[in-house]
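Trainee: Hi! Could you walk me through this one before I head back to the bench?
Mentor: Sure, let's look at it together.

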Amino acid sequence: MSWDELDRHTYGVKVWEFIRGLRERDSFRETGGHVYPGLFDTICAAVESWVPGNRYELRHVINAVFGWIGAVYCGRLGAGLFGPWFGGLAAVLLALSPRYFAASMNNPKDLPFAAMSVMALYYISTVSPRWPYVSLSTSIKIAVSLALALNIRVGALLYLGYFGLLIAALVVAERQTNWRRLADTAVRVAGI
């Protein structure tokens with residue numbers, strides 16, 4: 001186990017208890033110096049309450065699942081941008097990268113954030129270059145992937161900015177001047 005897993009586990013248990021109504025909001029005033037949102041640690045605490053076994057081995061398995069999610073979405077992003085061969089190569093090279101592979105075993109901050117970030121970037125890359133730019137299903141996928149990334153690290157707000165810049169660039173490139181379409185686009189972006 002790493003040096004901070006005990007504290008991170010304790011924080012995850014507190015959040016899991018709060019979600020289940022067993023802990024008051026005021027009990028989070030002092031969280032032991034945690035500055036990261038608790039999605040990964042809360043998932044670990046929830047799974048631990050249902051699956052018997054060594055808590056730290058379970059955390060490392062969940063970390064590895066995030067690693068595979070990241071490799072899959074890296075492949076999907078590569079395939080969407082440059083074709084299926086490139087996507088397959090990107091996924092394989094990422095999975096075989098020593099740094100990424102090692103982080104997939106025990107890096108509960110950077111690795112889950114990287115996986116959710118590439119998921120968000122993939123869904124942002126599926127935005128249509130023509131109005132209405134984002135369908136309802138694409139909007140939901142972007143919003144959920146951004147929410148997951150934000151619940152690991154607040155740096156995911158950058159991806160929301162990238163999304164906004166992409167939509168603005170598409171509006172300008174399409175020379176969109178119809179006020180109803182612009183209003184519709186603004187509502188869709190605000191919804192996300």
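Mentor: Let's start with Trp16, which counts as buried because its relative accessible area is 16%, and buried means under 20%. Keep in mind that this is a predicted model.

Trainee: Okay, and where does Trp16 lie?
Mentor: Trp16 lies in helix H1, which covers residues 5-19.

Trainee: Which residues is Trp16 in contact with, leaving aside its neighbours within four places in sequence?
Mentor: Those contacts are Thr42, Ala45, Ala46, Ser49 and Trp50. If you want a sense of distance, the C-alpha atoms of Trp16 and Val118 are separated by 26 Å, and the two residues are 102 apart along the chain.

Trainee: Let me zoom out. How many helices and strands are there?
Mentor: The protein chain has 9 helices and 0 strands. From the N terminus on, the elements run α-α-α-α-α-α-α-α-α.

Trainee: What does the C-alpha trace span along its principal axes?
Mentor: The C-alpha trace spans about 55 × 45 × 25 Å. Of the 192 residues in the protein chain, 41% are buried.

Trainee: And what about the area that the chain exposes?
Mentor: That comes to about 11,100 Å², with carbon and sulfur atoms supplying 66% of it. As for contacts in the chain with a separation of 6 or more, 70% are between residues 24 or more positions apart.

Trainee: Switching to charges: how many salt bridges are there?
Mentor: The count comes to 7 salt bridges. In one of them, the side chains of Glu5 and Arg59 meet at 3.3 Å, N to O. That pair links distant parts of the chain, since Glu5 is in helix H1 and Arg59 is in helix H3 (residues 55-82), 54 residues apart.

Trainee: Are those two buried or exposed?
Mentor: Glu5 counts as buried, at 1% relative accessibility. Arg59 counts as buried too, at 2%.

Trainee: What about the salt bridge of Arg8?
Mentor: The side chain of Arg8 meets that of Asp41 in a salt bridge, 2.8 Å from N to O. Arg8 lies in helix H1 and Asp41 in helix H2 (residues 39-50), so this pair ties together parts that are 33 residues apart in sequence. Both Arg8 and Asp41 are buried.

Trainee: Which other pair should I look at?
Mentor: Try Glu48 and Arg55, whose side chains meet in a salt bridge at 3.3 Å, N to O. Glu48 is partly exposed, with a relative accessible area of 23%, and Arg55 is partly exposed at 30%.

Trainee: And which residues are joined into one network?
Mentor: Glu5, Arg8, Asp41 and Arg59 are joined by salt bridges that share partners.

Trainee: New topic: how are H6 and H8 set relative to each other?
Mentor: The axes of H6 and H8 come within 11 Å and cross at roughly 10°. Angles under 35 degrees count as roughly parallel, so H6 and H8 are roughly parallel to each other.

Trainee: Which side chains should I click on there?
Mentor: In H6, pick Phe113, Ser117, Leu121 and Ile124, which meet Tyr159, Phe163 and Leu166 in H8. Leu121 is also part of a nonpolar surface patch of about 400 Å², made together with Leu158, Tyr162 and Leu165.

Trainee: Which helix gives the most to that patch?
Mentor: H8 does, with 3 residues. Leu121, in helix H6, is partly exposed, with a relative accessible area of 30%.

Trainee: Anything unusual in the backbone?
Mentor: A bit of background helps: most residues other than glycine have a negative phi, and most peptide bonds are trans. Here, the peptide bond from Trp131 to Pro132 is cis, with omega near 15°. Pro132 is found in the loop between helix H6 (110-125) and helix H7 (136-150).

Trainee: What about the phi of Tyr133?
Mentor: Tyr133 has a positive phi of about 70°, although it is not a glycine. Tyr133 is also found in the loop between H6 and H7, and it counts as buried at 2% relative accessibility.

Trainee: And Arg175: what is its phi, and is it buried or exposed?
Mentor: Arg175 has a positive phi of about 55°. Arg175 is exposed, with a relative accessible area of 73%, and its place is in the loop between helix H8 (157-173) and helix H9 (179-191).

Notes:
Residues are numbered from 1 along each chain as its sequence is written. This is a predicted model: local features need pLDDT of at least 70, side-chain atom pairs count only at pLDDT 80 or more; totals for chains, interfaces and linings use all residues. Side-chain values use heavy atoms; hydrogens and water are left out. Helices (H or I, at least four residues) and strands (E, at least two) are DSSP runs, numbered from the N terminus. Buried means under 20% relative accessible area, exposed over 50%, partly exposed in between (1.4 Å probe, protein chains only). Patches are made of residues with over 30% relative accessible area and no salt bridge: like charges are joined within 9 Å, nonpolar side chains (Val, Leu, Ile, Met, Phe, Trp, Tyr) within 5 Å. Accessible areas come from the Shrake-Rupley method with a 1.4 Å probe; for residues, only the protein chains shown count as cover. A salt bridge is a side-chain nitrogen of Lys or Arg within 4 Å of a carboxyl oxygen of Asp or Glu. Contact means heavy atoms within 4.5 Å. Axes are lines fitted to C-alpha atoms, for helices over the stretch in contact, and angles run from 0 to 180 degrees between N-to-C directions. Angles under 35 degrees count as roughly parallel, over 145 as roughly antiparallel, 65 to 115 as roughly perpendicular and the rest as oblique.
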